[in-house]
Amino acid sequence: YNRVKSMLYEIAQKEGYLDAKLAHHQIKVSLSRYTADIILRLDTGKRYYFGNVTFYQNSFSEEFLRRYLPFDYGQPYSRDELLKFQSNLSHSVY
């Protein structure tokens, strides 16, 4: 139960729903039937999107740095894309 709740949050965050929260969570146990009904309702809230990226530095041209961006303006936010950008910068020879 807790693992599934964590997975729901993880997926929502990863896909740009940074304000997601469980709106309803309930476990109904039937001792006579030896069953449990689990009810989870995730309120994702709004989806976030990548905005304009601005580089504040004087060493490299904007065009040069933009080649490391794996996402475009207006694309849905993705934590994986942000980590890929960080990795691209970290693994550059500069």
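Two strands are taken to pair if DSSP finds at least two bridges between them. In this predicted model, strand β1 (residues 21-30) and strand β2 (residues 35-43) run antiparallel and are joined by nine bridges. Within that pairing, H25 stands opposite L40 in β2. The points below cover the hairpin, a nonpolar surface patch and the residue Y77.

**Hairpin of β1 and β2**
- Four residues lie between the strands of this hairpin.
- Y34 takes a positive phi near 55° in the hairpin.

**Nonpolar surface patch**
- Y1, I27, V29, L31 and I38 make a nonpolar patch of about 500 Å² on the surface.
- One of these residues, I38, belongs to strand β2.
- The relative accessible area of I38 is 48%, and I38 is therefore classed as partly exposed, since that class lies between the limits of 20% and 50%.

**Surroundings of Y77**
- Y77 is placed in the loop that lies between α2 (62-66) and α3 (79-90).
- With a relative accessible area of 17%, Y77 counts as buried because the cut-off for that class is under 20%.
- Leaving aside residues up to four places away in sequence, Y77 touches Q13, K14, E15, G16, L18, Y48, Y49, F50 and L82.
- Y77 and T54 are separated by 23 residues in sequence, and their C-alpha atoms are 16 Å apart in space.

Definitions and conventions: Residues numbered from 1 in each chain as written. Predicted model: local features only at pLDDT ≥ 70, side-chain atom pairs only at ≥ 80, totals over all residues. Heavy atoms only, no water. Helix = DSSP H or I, 4+ residues; strand = E, 2+ residues; numbered from the N terminus. Buried < 20%, exposed > 50% of the residue type's maximum accessible area, 1.4 Å probe, protein only. Contact = heavy atoms within 4.5 Å. Patch = residues over 30% accessible without salt bridge, like charges linked within 9 Å, V, L, I, M, F, W, Y side chains within 5 Å. Areas by Shrake-Rupley, 256 points an atom, 1.4 Å probe, with all protein chains shown as cover. Salt bridge = Lys/Arg side-chain N within 4 Å of Asp/Glu carboxyl O.
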